[in-house]
Amino acid sequence: MVGRNDSCTCGSGKKYKKCCEKTNVVDISTVIDEELDRIQYGFFDDGLAPREYAEVDARIRKWNSALRDFFEPDLLESLAIGTYIYI
């Protein structure tokens, strides 16, 4: 990781804070969403017994068939998994 007062990695000779830091803005909501997805799918992959996995898979298929005209498949899968874990 580049410190704010280090030379910029682009080779401009300027300090990072005066050069590329301004263009490397991170959308925090994207970072949060990616981390929550990583945690959720990690739990799904490692924390469910085969019977539970089958139940989640059935829920995903049911929700996809009923709601595919209204939502993207990835969103439906995420919601189905999230609600299963929550309940």
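Buried here means under 20% relative accessible area, exposed means over 50%, and partly exposed is anything in between, with a 1.4 Å probe and protein chains only. By that yardstick E35, at 35% relative accessibility, counts as partly exposed.

Some ground rules before going on. This is a predicted model, where local features need pLDDT of at least 70 and side-chain atom pairs count only at pLDDT 80 or more, while totals for chains, interfaces and linings use all residues. Residues are numbered from 1 along each chain as its sequence is written, and side-chain values use heavy atoms, leaving out hydrogens and water.

**Confidence**

pLDDT is the predictor's confidence in each residue, from 0 to 100. The protein chain averages 82, and 92% of the residues score at least 70. Helix by helix, α2 has the highest confidence with a mean of 90, and α1 the lowest with 79. Where pLDDT is low, the predicted coordinates shouldn't be read in detail. The helix names come from DSSP runs numbered from the N terminus: helices are H or I runs of at least four residues, and strands are E runs of at least two.

**Salt bridges**

A salt bridge is counted when a side-chain nitrogen of Lys or Arg sits within 4 Å of a carboxyl oxygen of Asp or Glu. The structure holds three of them:

| Pair | N to O distance |
|---|---|
| R38 and E35 | 2.5 Å |
| R51 and E55 | 2.4 Å |
| D57 and R61 | 3.3 Å |

An α-helix has 3.6 residues a turn, so residues three or four places apart point the same way. R38 and E35 are three residues apart in helix α1, which means about one helical turn separates them. In helix α2, R51 and E55 are four residues apart, so about one helical turn lies between them. D57 and R61 are also four residues apart in helix α2, again about one helical turn.

How open are these side chains? R38 is exposed, with a relative accessible area of 54%. R51 is exposed at 56%, and its partner E55 is partly exposed at 34%. D57, at 30%, is partly exposed.

**The nonpolar core**

A nonpolar core is a set of buried Ala, Val, Leu, Ile, Met, Phe, Trp, Tyr and Cys residues joined through side-chain atoms within 4.5 Å. The largest one has six residues: L48, V56, I60, A80, I81 and Y84. Helices α2 (50–67) and α3 each supply at least two residues of this core, with the largest share, three residues, coming from α3.

The buried residues of α3 are L76, S78, A80, I81 and Y84. As for its length, the expected span of a helix is 1.5 Å times one less than its number of residues. For the 14 residues of α3 (73–86) that gives 20 Å, and the end C-alpha atoms are indeed 20 Å apart.

**On the surface**

I28, V31, I32, L36 and I39 make a nonpolar surface patch of about 460 Å². Patches are built from residues with over 30% relative accessible area and no salt bridge, joining nonpolar side chains (Val, Leu, Ile, Met, Phe, Trp, Tyr) within 5 Å and like charges within 9 Å. The areas come from the Shrake-Rupley method with a 1.4 Å probe, and for residues only the protein chains shown count as cover. V31 lies in helix α1 (residues 28–47) and is partly exposed at 38%.

Finally, K15 lies in the segment before α1 and is partly exposed, at 41%.
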